[in-house]
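Open the model in your viewer and keep the selection tool at hand. The tour below goes stop by stop, saying what to select and what is found there.

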Amino acid sequence: MDITSYIRTIPDFPKPGIMFKDITPLLGDPKAFALSIDLLAEKLSNIEYSAIVGIESRGFIFGAALAYKCGKKLVPVRKKNKLPAETFQVEYALEYGTDILEIHKDSLNPHEKVIIIDDLFATGGTVNAVEKLIGYCGAHISGVAFIIELMFLNGRKNISSNNVISLIQYN
């Protein structure tokens with residue numbers, strides 16, 4: 001089974017010129033979804049980490065399943081005012097404007113090793129912001145993992161982690 005066949009491209013979404021990579025067919029097929037989690041777990045098997053940091057919102061889907069499979073804790077990173085306890089926050093640039101991401105201050109221990117996970121890796125702006133949040137907690141990044149990586153956007157140059165795992169790469 002090739003999970004690439006479960007990714008569909010939606011032209012001109014959310015705006016003209018964008019070729020959106022839609023993961024919902026992958027999520028809708030239990031065997032394909034399970035395979036994606038198994039593949040991520042296998043690729044992470046030689047990396048030391050105790051927590052998975054899932055980025056809102058699709059990072060929660062893959063992060064929760066992966067945390068369960070690997071016996072790791074899950075730490076959510078959310079948009080501003082979505083977490084109830086005291087948070088660290090970072091503002092980051094979007095194509096048009098800025099946004100703010102937050103993490104609970106007590107979610108990670110100093111020197112804890114973590115994996116960041118999301119469904120898609122594009123320019124690296126969101127991951128860079130999450131890297132900063134993890135740094136504020138005093139934790140360390142062991143790697144970043146994605147289902148899809150858009151290689152042509154060169155996101156790797158915008159993040160500090162040099163351990164990038166992606167199951168599907170589009171050039």
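**Stop 1: the loop between E1 and E2**

Select Pro14, which sits in the loop between E1 and E2. The model is a predicted one. Phe13 and Pro14 are joined by a cis peptide bond, with omega of about 5°. Now select Asp12, in the loop between E1 and E2. Asp12 is not a glycine, yet its phi is positive, about 60°. Its relative accessible area is 48%, so Asp12 counts as partly exposed, below the 50% cut-off for exposed. As background, most residues other than glycine have a negative phi, and most peptide bonds are trans.

**Stop 2: two more backbone features**

Move to Ser57, in the loop between E3 and H3. The peptide bond from Glu56 to Ser57 is cis, and its omega is near -5°. Then go to Asn154, which is in the loop between E8 and E9. Asn154 is a residue other than glycine with a positive phi, near 55°. At 45% relative accessibility, Asn154 is partly exposed.

**Stop 3: the start of the chain**

Select Met1, in the segment before strand E1 (8-11). Is Met1 buried or exposed? Its relative accessibility is 57%, so Met1 counts as exposed. Leaving out residues up to four places away in sequence, Met1 touches Tyr6, Lys31, Ala32 and Leu35. Add Leu26 to the selection: its C-alpha is 12 Å from that of Met1, with the two 25 residues apart along the chain.

**Stop 4: the nonpolar cores**

Leu26 leads on to the largest nonpolar core, where it is one of the residues with the most contacts, along with Leu40, Phe62, Leu66, Ile147, Ile148 and Ile168. This core has 27 residues. At least two of them come from each of helix H2 (30-44), helix H3 (58-70), strand E7 (113-121), strand E8 (140-150) and strand E9 (164-170). H2 supplies the largest share, six residues. Centre the view on Leu66: setting aside residues up to four places away in sequence, it touches Ile37, Leu40, Ala41, Leu44, Ile52 and Ile117. A second core, separate from this one, has 24 residues, among them Val53, Val75, Ile103 and Leu108.

**Stop 5: Asp119**

Select Asp119 in strand E7. With a relative accessible area of 4%, Asp119 is buried. Which residues is Asp119 in contact with, leaving aside its neighbours within four places in sequence? They are Ile23, Arg58, Gly59, Phe62, Phe146, Ile147 and Ile148.

**Stop 6: the largest pocket**

Show the surface and find the largest pocket, which holds about 1,200 Å³ of space. It is lined by 34 residues, and Arg58, Leu120, Ala122, Thr123 and Thr126 are the closest to its centre. Two or more lining residues come from each of strand E2 (19-22), strand E5 (87-94), strand E6 (97-104), E7, helix H4 (125-137) and E8. E7 gives the most, four residues. The lining has 19 nonpolar, six polar and nine charged residues.

**Stop 7: helix H4**

Finish with H4, which has 13 residues. From first C-alpha to last it reaches 19 Å, close to the expected 18 Å. Colour its buried residues: Val127, Ala129, Val130, Glu131, Leu133, Ile134 and Cys137. Among the elements that cover them are strand E3 (51-55), strand E4 (73-79), E5, E6, E7 and E8. Just after H4, Gly138 has a positive phi of about 85°.

Technical notes: Residues numbered from 1 in each chain as written. Predicted model: local features only at pLDDT ≥ 70, side-chain atom pairs only at ≥ 80, totals over all residues. Heavy atoms only, no water. Core = buried A, V, L, I, M, F, W, Y, C linked by side-chain atoms within 4.5 Å. Buried < 20%, exposed > 50% of the residue type's maximum accessible area, 1.4 Å probe, protein only. Contact = heavy atoms within 4.5 Å. 1 Å grid on protein atoms, 1.4 Å probe; cavity = no way out; pocket = protein on both sides within 12 Å on 5 of 7 lines; lining within 4 Å. Points joined across faces, edges and corners; volume = space filled by probe spheres on them. Nonpolar A, V, L, I, M, F, W, Y, C, P; charged D, E, K, R; others polar. Expected span 1.5 Å × (residues − 1).
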